[in-house]
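User: I'm new to this one and would like a short walk through it. Could we start with how the DNA is held, and then move on to something else?
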Protein chains: 2
Amino acid sequence: MTASAQGKPKSNSAIAVEKLRELIFSGELPAGSDHLETELALRLGMSRTPVREAALTLEAQGLLEVRARKGVRILPISARDMEEIYDVLTELESMAAAQAAKQGYDAKALAPLAKTIADMEVALDSEDRAAWAAADDRFHNELVRLGGNSRVVAIVALMADQVRRARAVTLYMRPLPLKSNADHRAVLEAIRAGDAASAHAIHRSHRTNAKQTLVQILQTNRLHMV
Amino acid sequence: MTASAQGKPKSNSAIAVEKLRELIFSGELPAGSDHLETELALRLGMSRTPVREAALTLEAQGLLEVRARKGVRILPISARDMEEIYDVLTELESMAAAQAAKQGYDAKALAPLAKTIADMEVALDSEDRAAWAAADDRFHNELVRLGGNSRVVAIVALMADQVRRARAVTLYMRPLPLKSNADHRAVLEAIRAGDAASAHAIHRSHRTNAKQTLVQILQTNRLHMV
DNA sequence: GTATGCATTAATGTATACGTTGTCAACGAA
DNA sequence: TTCGTTGACAACGTATACATTAATGCATAC
């Protein structure tokens with residue numbers, strides 16, 4: 001089927017979730033800012049009801065906070081928040097890597113993961129940071145998918161959203177992660193070889209390094225409002 | 001201030017969340033059952049709006065699913081689900097135990113954790129399974145709190161809800177966990193000694209054992225609808 | 001007897017009106 | 001001048017009416 005003939009009717013509530021996410025990630029709704037429900041409803045061209053429902057959904061996802069008579073507040077992300085998030089990602093992704101290694105995937109099943117690594121390599125060569133970030137997201141998402149734990153997939157997706165918000169600010173403040181792809185390849189190789197312990201250890205150290213790099217950037221730049 | 005003079009006004013939406021959680025945990029809304037919004041609204045003595053908002057919140061928490069024109073479905077829990085949940089709990093709680101050990105807590109700060117272990121001991125002596133389960137919940141909750149990662153606390157709380165639902169069925173089907181308190185004490189001791197590696201390893205093996213016990217019960221009894 | 005299509009209906013999705021309540025500012029008293 | 005009080009306002013929380021749409025059942029044709 002082609003992507004053109006989708007034809008699936010989306011509810012306004014679902015549309016509101018998408019639009020609000022876009023507005024938050026694009027920075028049009030900056031972290032720490034307040035927005036009235038009526039104002040958002042007007043902006044999205046619908047009534048308050050679906051906007052309110054979307055706000056509740058996004059609140060559960062940790063992107064904003066609904067406060068009585070003060071509108072929704074887009075949650076800021078502090079350096080401490082990023083530490084917490086990276087620690088969770090480190091644990092759950094490392095577990096996923098280990099479990100993926102135990103599944104005995106063949107080369108075909110691992111092809112999507114290998115593709116993301118190749119894409120990152122191309123992006124690094126052309127110094128295309130945005131493309132690198134997109135491929136990196138796909139790598140981590142695919143990794144946990146291979147782990148086979150649907151709850152890990154869901155939690156990591158939520159945390160990755162927050163990382164993406166922070167990265168929108170930090171992406172151009174740090175050196176290109178030229179060496180990180182060696183880690184990615186090593187993880188892939190460990191999974192292919194069925195070496196769960198190595199997959200776990202390598203990914204853990206990879207994530208730990210990434211955490212230190214990012215937290216240092218956030219702290220030295222006092223970017224507690226991302 | 002005394003607890004009697006609380007006087008905090010709760011919104012109907014918040015009340016609906018509480019009531020629905022009670023109905024789900026008590027089994028009055030059995031896993032797998034469907035319930036119309038109108039019916040629930042009538043049952044809770046309020047209009048559809050707050051009930052609907054509560055349903056969205058509980059959906060985000062993984063307790064139920066809202067389906068168009070079919071009402072909300074209380075999600076069943078399969079043995080596979082419990083495996084996933086226990087794997088997540090194992091990783092995050094072990095990390096929390098290790099981080100708690102690094103904090104250098106004194107005896108006073110660890111007193112609440114020690115109290116839950118003492119309570120479990122008393123409950124085991126009197127073979128009071130319900131009291132043991134309640135104290136065990138408090139132990140795990142307090143443990144992650146000491147870890148200091150608020151996101152881990154939140155995720156573990158969500159997963160613990162699911163465990164509680166399953167335990168309502170399995171609590172009386174398994175032997176009393178007479179030896180588990182030795183694990184709890186060992187974890188506490190490792191934290192007190194500041195031995196992060198031991199705290200991590202001990203708690204991990206504790207959780208792994210618990211997982212195997214529970215999953216085996218669920219599988220042998222075909223309890224895929226808990 | 002079966003299958004297809006249409007009409008009915010019932011439940012959600014959405015809009016809107018209204019009540020409730022916290023906020024903010026102006027005014028007055030100390 | 002400053003602090004406290006009061007009042008109006010405005011935004012949310014809730015109820016309710018309405019639109020939408022999918023499921024269901026019946027009738028009809030093959």
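Analyst: A residue counts as near a strand if one of its heavy atoms lies within 4 Å of it. This is a predicted model, in which local features need pLDDT of at least 70 and side-chain atom pairs count only at pLDDT 80 or more, while totals for chains, interfaces and linings use all residues. Residues are numbered from 1 along each chain as its sequence is written, chains are lettered from A in the order in which they are written, and side-chain values use heavy atoms, with hydrogens and water left out.

User: Which part of DNA strand C do the atoms within 4 Å of the protein belong to, sugar or phosphate, or bases?
Analyst: Of those atoms of DNA strand C, 71% belong to sugar or phosphate, and the rest belong to bases.

User: And which residues come nearest to DNA strand C?
Analyst: Of the 18 residues around the strand, those are A:N12, A:S47, A:T49, A:R69 and B:R52.

User: What does A:N12 do with its backbone there?
Analyst: A backbone N or O atom of A:N12 lies 2.3 Å from a phosphate oxygen of DNA strand C, a polar contact being a pair of N or O atoms within 3.5 Å. On the base side, a polar side-chain atom of B:R48 lies 3.0 Å from a base nitrogen of DNA strand C.

User: New topic: is B:N181 buried or exposed?
Analyst: B:N181 is buried, with a relative accessible area of 4%, where buried means under 20%, exposed over 50% and partly exposed in between, using a 1.4 Å probe and protein chains only.

User: Which residues does B:N181 touch?
Analyst: Not counting residues up to four places away in sequence, B:N181 touches B:I117, B:M120 and B:E121, contact meaning heavy atoms within 4.5 Å.

Note on methods
A polar contact is a pair of N or O atoms within 3.5 Å; within protein, one must be able to donate a hydrogen and the other to accept it, and residues adjacent in sequence count only if both atoms are side-chain atoms.
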